Amino acid sequence: MNHAFVAALAAAGHTAESLAGQLGVHPKTVARWANPGHIPQSRHRATVAGLLAKDADALWPDVVRRREPVWFRPWVDLEREAVTLRSFELAWVPGLLQTEAYARATLAGGVLTPEAVAEFAEARINRQAIIGRGGGPLLIAVLDEGVLRRRVGDDCALMAVQLARLLRHAEAGSVQLHIVPADAPSYPGLDGPFTIADMPDGSRVAHVDSAARAQILDQTSDLVSLERRWERIRGEALPRGRSLELLREAAASWT
C-alpha cells in the first residue's frame with residue numbers, strides 16, 4: 001500500500017469519494033492510487049498533491065525515478081489506471097509481456113546509447129507490475145504469427161525464453177492471448193499495432209505507434225475506427241485453445 005498517499009488523504013480530511021468529486025474522476029480511480037505502482041495521470045497529479053498539501057514526489061516517488069521516454073509517460077499513466085487493455089501487435093511481443101533480454105534486443109542496434117537501452121528496458125520491465133496483479137487491467141493481446149517466428153537478437157535461446165514466458169501468462173489466464181495465423185488473408189492488422197484502454201470511468205483512449213510518431217487518441221471518430229479494426233482482427237485470430245497450441249509449437253521450434 002502507498003502509505004504516504006493514504007496518510008495524506010486522511011490528514012486532509014478527504015475520502016476517495018470526496019477527492020474524486022473534486023477531480024471529476026471515479027472514486028475507484030482514487031482508491032487505486034493507494035496501491036503500489038498506481039500513479040495519477042500527469043493532468044491530475046499536481047492537483048491531487050495540492051489538495052492533499054503534499055509534494056507529488058513525496059506521494060509518488062516512483063515518478064522521480066521514471067526511466068521511460070518523456071513522450072511515452074502519459075500513456076504509461078493511462079495504462080496503470082486502465083480496467084482493460086486490448087493490444088494488437090504485428091511485429092513484436094507487447095512490451096508488457098517482454099523478457100528483459102527481448103526488450104534490450106528490440107532497443108539495441110539503433111540510435112540509442114547502451115545507457116539509454118538499459119534505462120528504457122528497465123522502464124519497460126517495471127511497467128509489467130500491473131499484469132496479473134489484483135486490481136490491475138485485464139490484458140487481451142492479439143499477435144500476428146510472425147511475432148512468434150521472427151528472431152529477435154542473435155540467440156535462438158532468447159526467443160525460446162520469450163515464448164515460454166508468453167505461454168506461462170496465457171496458460172495462467174493473466175493474459176488472454178490470441179494469434180492471427182500466417183495463412184490468414186490480408187487483414188486490417190497489417191496497418192499497424194495499437195492498444196485500446198478502457199478506463200474506470202467508462203471512457204476509452206488508444207495508443208497508436210508508427211515509424212514516424214506515437215500518439216494517444218481520445219476522439220470518438222478515431223476510437224470508433226479502431227474498435228472496428230479490433231473486431232475484424234479478432235475475427236481473423238484463432239480461439240484461445242488453438243492459439244495456445246500454435247504458441248507451444250512455435251516455442252518448441254526455438255529450442
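Start by selecting residues 84–89 and 194–198 in this predicted model. These are strand S1 and strand S4, and they pair in the antiparallel sense over 5 bridges. Now pick out arginine 86: opposite this residue, in S4, stands isoleucine 196.

Next, widen the selection to the whole sheet. Here 6 strands form an open sheet, and if you walk across it the order is S3-S2-S1-S4-S5-S6. The pairing is mixed. Where are the edges? Colour strand S3 (175–180) and strand S6 (214–217) to find them. Each has a single partner strand, so one side of S3 and one side of S6 are left without a neighbour in the sheet. As you rotate the view, bear in mind that neighbouring strands are turned by 15 degrees against each other on average, direction ignored.

Now show residues 220–236, which make up helix H11. This helix lies across S1, strand S2 (138–144), S3, S4, strand S5 (204–209) and S6. Compare H11 with S4 in particular: the helix runs at about 110 degrees to that strand.

Time to visit the largest pocket, which holds about 1000 Å³ of space. Select Trp71, Phe72, Trp92, Arg124 and Asp209, the closest to the pocket's centre among the 38 residues that line it. Which elements give two or more residues to this lining? Display helix H6 (73–81), S1, helix H7 (100–107), helix H8 (114–127), S4 and S5 to see them. H8 gives the most, with 4 residues. Try colouring the lining by residue type as well: 23 are nonpolar, 8 polar and 7 charged.

Finally, zoom out and colour the chain by domain. Residues 3–65 are domain 1, and residues 70–253 are domain 2. How far apart do the C-alpha centres of the two domains lie? The distance is 29 Å. To end the tour, look at where the domains meet: 12 residues of domain 1 are in contact with 10 residues of domain 2.

Definitions and conventions: Residues are numbered from 1 along each chain as its sequence is written. This is a predicted model: local features need pLDDT of at least 70, side-chain atom pairs count only at pLDDT 80 or more; totals for chains, interfaces and linings use all residues. Side-chain values use heavy atoms; hydrogens and water are left out. Two strands pair if DSSP finds at least two bridges between them. Axes are lines fitted to C-alpha atoms, for helices over the stretch in contact, and angles run from 0 to 180 degrees between N-to-C directions. Contact means heavy atoms within 4.5 Å. On a 1 Å grid over the protein atoms alone, a cavity is a set of points where a 1.4 Å probe fits but cannot get out, and a pocket is an open set with protein on both sides within 12 Å along at least five of seven lines; lining residues have an atom within 4 Å of a point. Grid points are joined across faces, edges and corners, and a volume is the space filled by probe spheres set on the points. Ala, Val, Leu, Ile, Met, Phe, Trp, Tyr, Cys and Pro count as nonpolar, Asp, Glu, Lys and Arg as charged, and the others, Gly among them, as polar. Domain bounds come from an automatic or database domain assignment.
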